[in-house]
Amino acid sequence: MAKYKTDSFLLPIVSIVLGLLCGAVVLLLGGYDPFAAYSALFAKVTGNAYDVGETLRQITPLMLTGLAVAFAFRTGMFNIGVEGQFVMGMTGASLVGILFSLPGYIHAPLAVLAGALFGGLWAAIVGFLKAKRGINEVIVCIMLNWVALYLSNNLIQSLLMEPGQQRSRDVADSASVSIAGLLGFFDNARVHWGMPIALLCVAFFYVYLWKTKQGYELRAIGHSPTAAEYAGMNIPFNMVKTMAISGMFAGLAGAFEVLGVFHYQSVISSLPGYGFDGIAVALLGMNHPFGILLSSTLFGSLNYGSSGMSFATGAPPEVVRIVFGSIIFFIAAQGIVRLLLVKTRVIPGKKVS
Amino acid sequence: MLNITLVYSTALVLASLGGILSEKSGVENVGLEGLMTVGAFTAAVSVHFMQTHWQLAGTSLWIGVGAAVAAGSLFSLIHAVAAITFKSNQVISGIVINFLAAGSTLYLVKLLFEGSATTDTLSVVFSKVDIPFLSSIPFLGPALFSAYPTTYLALLLVGAVYFVLFKTPAGLRLRATGEHPGAVDTLGISVYRIRYLAVMASGALAGLGGAAITLTTTSNFTYNTISGQGFIALAVMIFGKWNPFGALGAAMFFGFAQAIGSILQIYSWADGIPREYIYMLPYVLTVLVLVGVIGKARPPGAIGKIYDPTAR
Amino acid sequence: MNEAPLAAELVRITKRFPGITANDGIDLRLRKGEIHALLGENGAGKSTLMNILFGLYQPDEGTIRIAGNPVEISNPRRAIELGIGMVHQHFKLVQPFTVTENIILGMEPTKDVRIDYKAAAREVAEISKQYGMYVDPFARIEQISVGMQQRVEILKALYRKADILIFDEPTAVLTPQEIVELLAILKKLAREGKSIILITHKLKEIMEAADTVTVIRRGKVVETLPVAGADPSILAEKMVGRNVSFSLDKRDPSIGSETLTVQDLTCLNAQGQPALNGLSFAVRAGEILGIAGVDGNGQTELVEAITGLRKIESGSIRLNGRDVTGWKPRKVTRAGVAHIPEDRHKHGLVLDFTMSENLVLQTYDQPEFTGKGFLKKNAIDEHAEKLISGFDVRTPSIRTPSRALSGGNQQKAIIAREIDRDPDLLIAAQPTRGLDVGAIEFVHRQLVRHRDRGKAVLLVSFELDEILNVADRIAVIYGGRIVGEVYPRDTNDKELGLMMAGGSTKSGGSELG
């Protein structure tokens, strides 16, 4: 992973500025006014209580999928299967949320748990195959993404279908995790328990990896599997464990979308994209929980605000993707930023030869 | 039907060939998806304008192919500059490509087509070419010897890439760069130059793969024209053990598994099987084959590792 | 003294890196047909200087003249054009490629567009014969011996018509016999008019093969003098800057009972071939047993088998009487075994971990460092402070990533960690690889201290001198078996070298009681 040096507070900030600049250039080329566009975006995010609430809603799944990807990366694995684990999480939550009828204080947690477990198990398969047979996790993840898609669709269609529509029946009220009380405060934005829980997950990630014995092992394996082996750590077991935990984060993301936002699960024709976006969020957040907190906020805000920008100025919302991609580019190729800062005398140049 | 799966496999083969070239030189390229998107977009848009404004028909298609190749190649420079010159993490810069490609292509589509997220449908696209005599063989003929020009091109390229990689000095040096860049560098050969060329070639091939989809079956470009093929191409590359013929086999296997689904739909006894399980087949089969047969696939030795010649 | 023309001149070469001046005004004159040794410790600046000559670095100050003409060597390609070739310490060979492919890479003979492999193999065979260096053109690098790999490296330079050859620590991986062969090759090349620079820290080789020696210390030239008539101990003093004692000051061992008993051990290597073939030996408490042998004869597998990292096909391992055959690594560690691994970067440390994290790498799950699943940070930090001061590990803080430390300090940290556990059996595999004289002395002293505490030490090393100096008893490994056991005072280089190459055997341990 790219490593910062001490002058590195500047790096993310400059990268964000440069990314926004790239977006501005693209807007100009298309005949749009960047100032108007960006202010419309900002206004959409912060304008009123509803928008703030919805922005938070937008951020939540990204935070969780970002944590999922980062957790796996930290322990040496590339979980490109977060998409599939997310979908399985949705499915698990739907199954429990729709098919069962239980009192509220059991039903909702159970449904959330089911989502997490479905995601975790789906990911554990990948971990198992890598641990046992050395099979490259990238292929298995990609394959399982699609299997998850079709499997979920099938389960919805056979067990949960809402007649006449391409989606499941509504989730039982007792399984919903919307925060009814706050709904008024945020003017009916779809706030839900997933938001505070996502923050808890950030904390969990940090504490688990850096303060516990298990986290010590996972980090060792991620940095140096050979040294970890010599230290007696059980690598295959930890591979499966890592993927399982990563998948649980992803499953949670899906579960909350079903139980807190839509209250049903659609039959989908293609993968939702939260998993791939999670990769970007994780990378921009340097695979660190606090970084992910910030990068998911940035990305979620950009995403939500893009509709406001589009509405106000007509600029296609895809500009936001270009901005985010550019930011990551500048962070990744930090040499470019450093060169720029040296040339503009912001930081002293070091003599290298 | 069989038609569509062959086209699908063609695109996979082309993109995975690109992946092979890049990765064999030591540069991981998870941006194949984005590069295919760029190629598909460029092909659709350029051909559209050529057909509507310049009234070109057949030739426009080949120019469109060329444009897609050029666009993919240029776009891949983003990855190359970041990963090679600025020594960024290669996975990150690959993901950057995906993001930027998705964003910029759709942005441009909306700009050029009055806010619509889909390009106008092309009036003329590639039609199948029959190989004389062989394509008249009953049953097998139409299936195997009547295909789009892009498919034949892909097959030629498989052989060409294999030849270059394993029989020519350029290929030897490229493979050496992916295994032990230090060896190449201390022999006075430019590691940077080889990797740049390899990445640009991968962009060209992936772009071609994207064009192969747009200019044959879909006839237009929209947000889900390329949805996942680039990642499947990665799987095909790994499955084929970074060998062009291996990738061809893997892509055909994949396409074949998809075709089984279409074939089964003909038979009434298969009606009971839910459609989704049939769609799942290629993916499940791939995993099963991996588990049973392939096992460990060994990537090029120096893949993903940043080469810094000044490091002591 | 021959007044042959100057093949190369390095004049007042200076090279600075952040924080250190690697080369400080160095002068070096290489005459045609001479073997010029560059003597210095690790970190003295020898490699930097040669990297400049080969175009991998550019000097900050100074000039280079080749055959009298000032040149700028901006990259290896230019160096090769100027007739300079380098045989690297860590071979730059592409493992899955064949010998031929490695040699012709970049200068491939072609027929149309294709590589003409037939012509290539022919040319390789020709120069191989011309210089008397046998290689198998069609073998893959991953299959051939280290000695042959080195010959491939040399042929690479000769294929490109190099007149100036730089050899960087070439004998590190060779048997005594292969070293003799290599030195003969060097002399032959010199006779044919090649000019050779030999980078080394081994005085014996310099005395045998070199014509001139330039001693470098801390980036500066100490002296350049002809080898004929030079006194090795004075050279050593110049290299290190102080009086160097070659032999360790140690008491006679007081031997106790058998700590480690290995009986008929058979293990397979990665290719499925037997790496250990019915191997037996024993180490007793209070003694240092040195396993001497050339790399690749089973040492790595032996250590892995004892520490639980490799599957044992047959045979047994007993520790203090207990059968530990096939035990998992952690269990073996708990049973009282500590291990200083031969590759400290790969196996000894997690380089990205901090010092305090690394110092509990073997013990983090013990109750003193972990409670209720959580790491006890204070205990871990205290432990780290204790070890760092006790073993004089130079590090800015316990929070420094281990990557930032020098090789010597990294090794000290590993030794501190392992010895602190007070193991009954301490295994040290290549413990002084890449360390400078001061660090080497430290390591040896620690090993002796440990055995003086009545513990058993198993020392595995490719450096014969180290074995002869440190070990109380020597066992020679060849082809996966122990082919001889001797006492250091009863034997010498030549005899050991013979055994290491499978030449003769001395009967097993029973004779020595």
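**Exercise 1. Confidence**

What is the mean pLDDT of chain C, and what percentage of its residues reach 70 or more?

*Solution.* We begin by noting that this is a predicted model. For chain C the mean pLDDT is 87, and 95% of the residues reach 70 or more. Next we look at residues 507–513 of chain C, where the pLDDT is below 50 and where the stretch has seven contacts in the model beyond near neighbours in sequence. Finally, for the complex, the predictor gives an ipTM of 0.83 and a pTM of 0.83.

**Exercise 2. The contact between chains A and B**

Work out how many residues each chain brings to the contact, and describe the side that belongs to chain A.

*Solution.* The first step is to count by chain: 37 residues come from chain A and 42 residues from chain B. The second step is to assign the side of chain A that touches chain B to helices, and here α5, α6, α12, α14 and α15 of chain A each supply at least two residues. The largest share, eleven residues, comes from α6(A). The third step is to sort the residues of this side by character, which gives 26 nonpolar, eight polar and three charged.

**Exercise 3. A sheet in chain C**

Describe the six-stranded sheet of chain C, starting with the order of its strands and ending with the helices that pack on it.

*Solution.* The six strands form an open sheet of mixed pairing, and their order is β6-β9-β10-β3-β11-β12 in chain C. The edge strands, each of which pairs on one side only, are β6 (84–87) and β12 (220–226) of chain C. From one strand to the next, the twist averages 20 degrees. Looking at one pair in detail, we find that β9 and β10 of chain C run parallel and are joined by five bridges, and that C:Phe167 stands opposite C:Leu198 in β10(C). Turning to the helices, α5 (residues 146–159) of chain C touches β6 and β9, and its direction makes about 175 degrees with that of β6(C). Helix α6 (residues 176–191) of chain C touches β3, β9 and β10, and its direction makes about 150 degrees with that of β10(C).

**Exercise 4. Two positive phi angles**

Decide whether A:His263 and B:Trp242 are buried or exposed, and say where each residue lies.

*Solution.* A:His263 is not a glycine, yet its phi is positive, at about 65 degrees, and its place is in the loop between α11 and α12 of chain A. A:His263 counts as buried because it has 23 C-beta neighbours inside 10 Å, where the cut-off is 20 or more. B:Trp242 is not a glycine either and has a positive phi of about 60 degrees; this residue is found in the loop between α10 and α11 of chain B. With 23 other C-beta atoms within 10 Å, B:Trp242 is therefore buried.

Technical notes. Residues numbered from 1 in each chain as written. Chains lettered and ligands numbered in written order. Predicted model: local features only at pLDDT ≥ 70, side-chain atom pairs only at ≥ 80, totals over all residues. Contact = placed C-beta atoms within 7 Å. Helix = DSSP H or I, 4+ residues; strand = E, 2+ residues; numbered from the N terminus. Nonpolar A, V, L, I, M, F, W, Y, C, P; charged D, E, K, R; others polar. pLDDT = per-residue confidence, 0-100. Pairing = 2+ DSSP bridges. Axes fitted to C-alpha atoms, helices over the stretch in contact; angles between N-to-C directions. Buried ≥ 20, exposed ≤ 12 C-beta atoms within 10 Å, placed from the backbone.
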